[in-house]
Amino acid sequence: MKHVKDAILALNPEFVGRVVDVEQTILFLRAYFMGKGMSESLRALGYMQLHHEGQTRSDGQPYIVHPLAMASHAVSINDANITDDLIATLLLHDLREDAHVAISEMPFNVRIKNGVKYMSLIRFDDESKYELKKRYYNELLESKEATIGKGFDRYNNLTTMSASFPDEKVRKNVVETDWLLLPTLKRAESLWPEASNLLHLLRVSIRGINDVYALAYNVKLRDENFVNAKGAQDYSILLTQAV
């Protein structure tokens with residue numbers, strides 16, 4: 001069966017391996033951080049570059065295009081919750097999971113370390129994949145930086161995954177976003193009402209892209225007031241199979 005990804009690439013072969021201007025983005029962010037006095041983000045920028053050096057994403061681009069894109073997106077939003085701690089968390093969020101840097105080794109404050117900790121997907125030996133995902137999204141709410149950071153993380157991945165993920169991984173992300181992430185962002189609005197506008201913006205932006213993927217990849221999404229136990233079981237099976 002022909003993948004949607006293959007059809008996209010047939011029309012746009014230059015998409016694969018398309019490299020973001022990493023150096024220009026770093027220069028922009030460095031100048032922005034210096035101008036705003038964001039010392040943690042400035043240090044995180046260099047620390048992230050060092051520890052992701054040599055790593056690439058599935059589309060062949062340098063790995064750091066992902067955290068750089070997240071940070072660039074965040075600083076473009078005029079909101080008081082786009083803090084130094086949040087931006088540093090975005091830049092560092094994959095170091096534990098993908099670069100195997102221990103949280104205790106990171107020379108950053110507790111809020112940033114907790115943000116990285118709760119954004120990292122670490123599976124316990126006795127957990128099923130579905131149990132892992134449920135625990136992960138519940139624990140995100142232990143950290144404001146992690147919760148908002150996951151919104152930026154998923155938004156960025158949604159904008160790029162059609163050209164780099166196999167179909168089943170795309171479907172998994174669509175279901176996981178619909179059933180686990182979007183309700184988590186909604187719950188976060190009551191936990192941090194001062195961030196409700198930003199969380200709402202992330203939620204509706206993510207939902208819009210996710211709905212398009214659901215149509216393209218023939219994924220049935222849950223109803224807004226989804227409570228059906230059989231439906232929940234169906235979703236848990238799909239999550240377990242696709243993770």
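**Exercise 1. The nonpolar core**

Task: Identify which residues of the largest nonpolar core touch the most other members.

Solution. In this predicted model, the largest nonpolar core holds 64 residues, and those touching the most other members are Leu 68, Ile 87, Leu 91, Leu 92 and Phe 152. The next step is to ask which element supplies the largest share: helix α10, residues 167-191, does so with 9 residues. Finally, take Leu 92 and set aside residues up to four places away in sequence; Leu 92 then touches Ala 44, Tyr 47, Met 48, Phe 108, Ile 112 and Val 116.

**Exercise 2. The surroundings of helix α5**

Task: Determine how many residues of helix α5 are buried, and what covers them.

Solution. Helix α5 spans residues 84-92. The criterion for a buried residue is a relative accessible area under 20%. By this criterion, 9 of the 9 residues of α5 are buried, and the helix is mostly covered. The buried set includes Asp 84, Asp 85 and Thr 89 as well as Leu 86, Ile 87 and Ala 88. Among the elements that cover the buried residues are α2 (22-36), α3 (39-51), α4 (65-75), α6 (95-98), α7 (110-119) and α9 (144-160).

**Exercise 3. Pocket and cavity**

Task: Describe the volume and lining of the largest pocket and of the largest cavity.

Solution. Begin with the pocket, which contains about 510 Å³ of space. Its lining comprises 23 residues, of which Glu 97, Asp 98, Asp 153, Asn 157 and Lys 169 are the closest to the centre. Two or more lining residues come from each of α6, α8 (129-140), α9 and α10. By class, the pocket lining divides into 11 charged, 6 polar and 6 nonpolar residues.

Turn next to the cavity. A search of the whole structure gives 1 cavity of 30 Å³ or more, and the largest cavity has a volume of about 30 Å³. Arg 57, Ser 58, Asp 59, Thr 160, Ser 164 and Phe 165 line this cavity. The classes represented there are 3 polar, 2 charged and 1 nonpolar.

**Exercise 4. The environment of Tyr 137**

Task: Establish whether Tyr 137 is buried or exposed, and which residues Tyr 137 touches.

Solution. Tyr 137 is located in helix α8. Its relative accessible area is 2%, so Tyr 137 is buried. With residues up to four places away in sequence left out, Tyr 137 touches Lys 150, Arg 154, Glu 176, Leu 180, Leu 181 and Thr 184. As a distance check, the C-alpha atoms of Tyr 137 and Leu 185 are 9.6 Å apart, although 48 residues separate the two along the chain.

**Exercise 5. Positive phi values**

Task: State where His 100 and Asn 218 lie, and whether each is buried or exposed.

Solution. Consider His 100 in the loop between α6 and α7. Its phi is near 60 degrees, a positive value in a residue other than glycine. At a relative accessible area of 66%, His 100 is exposed. Asn 218 occupies the loop between α11 (196-216) and α12 (229-242). The phi of Asn 218 is near 55 degrees, again positive in a residue other than glycine, and its relative accessibility of 72% classes Asn 218 as exposed.

**Exercise 6. The chain as a whole**

Task: Summarise the secondary structure, burial and contacts of the chain.

Solution. The count of elements is 12 helices and 0 strands. Of the 243 residues, 49% are buried. Among contacts between residues at least 6 apart in sequence, 68% join residues at least 24 apart. The exposed area of the chain is about 11,900 Å², with 53% supplied by carbon and sulfur atoms.

How values were computed
Residues are numbered from 1 along each chain as its sequence is written. This is a predicted model: local features need pLDDT of at least 70, side-chain atom pairs count only at pLDDT 80 or more; totals for chains, interfaces and linings use all residues. Side-chain values use heavy atoms; hydrogens and water are left out. A nonpolar core is a set of buried Ala, Val, Leu, Ile, Met, Phe, Trp, Tyr and Cys residues joined through side-chain atoms within 4.5 Å. Buried means under 20% relative accessible area, exposed over 50%, partly exposed in between (1.4 Å probe, protein chains only). Helices (H or I, at least four residues) and strands (E, at least two) are DSSP runs, numbered from the N terminus. Contact means heavy atoms within 4.5 Å. On a 1 Å grid over the protein atoms alone, a cavity is a set of points where a 1.4 Å probe fits but cannot get out, and a pocket is an open set with protein on both sides within 12 Å along at least five of seven lines; lining residues have an atom within 4 Å of a point. Grid points are joined across faces, edges and corners, and a volume is the space filled by probe spheres set on the points. Ala, Val, Leu, Ile, Met, Phe, Trp, Tyr, Cys and Pro count as nonpolar, Asp, Glu, Lys and Arg as charged, and the others, Gly among them, as polar. Accessible areas come from the Shrake-Rupley method with a 1.4 Å probe; for residues, only the protein chains shown count as cover.
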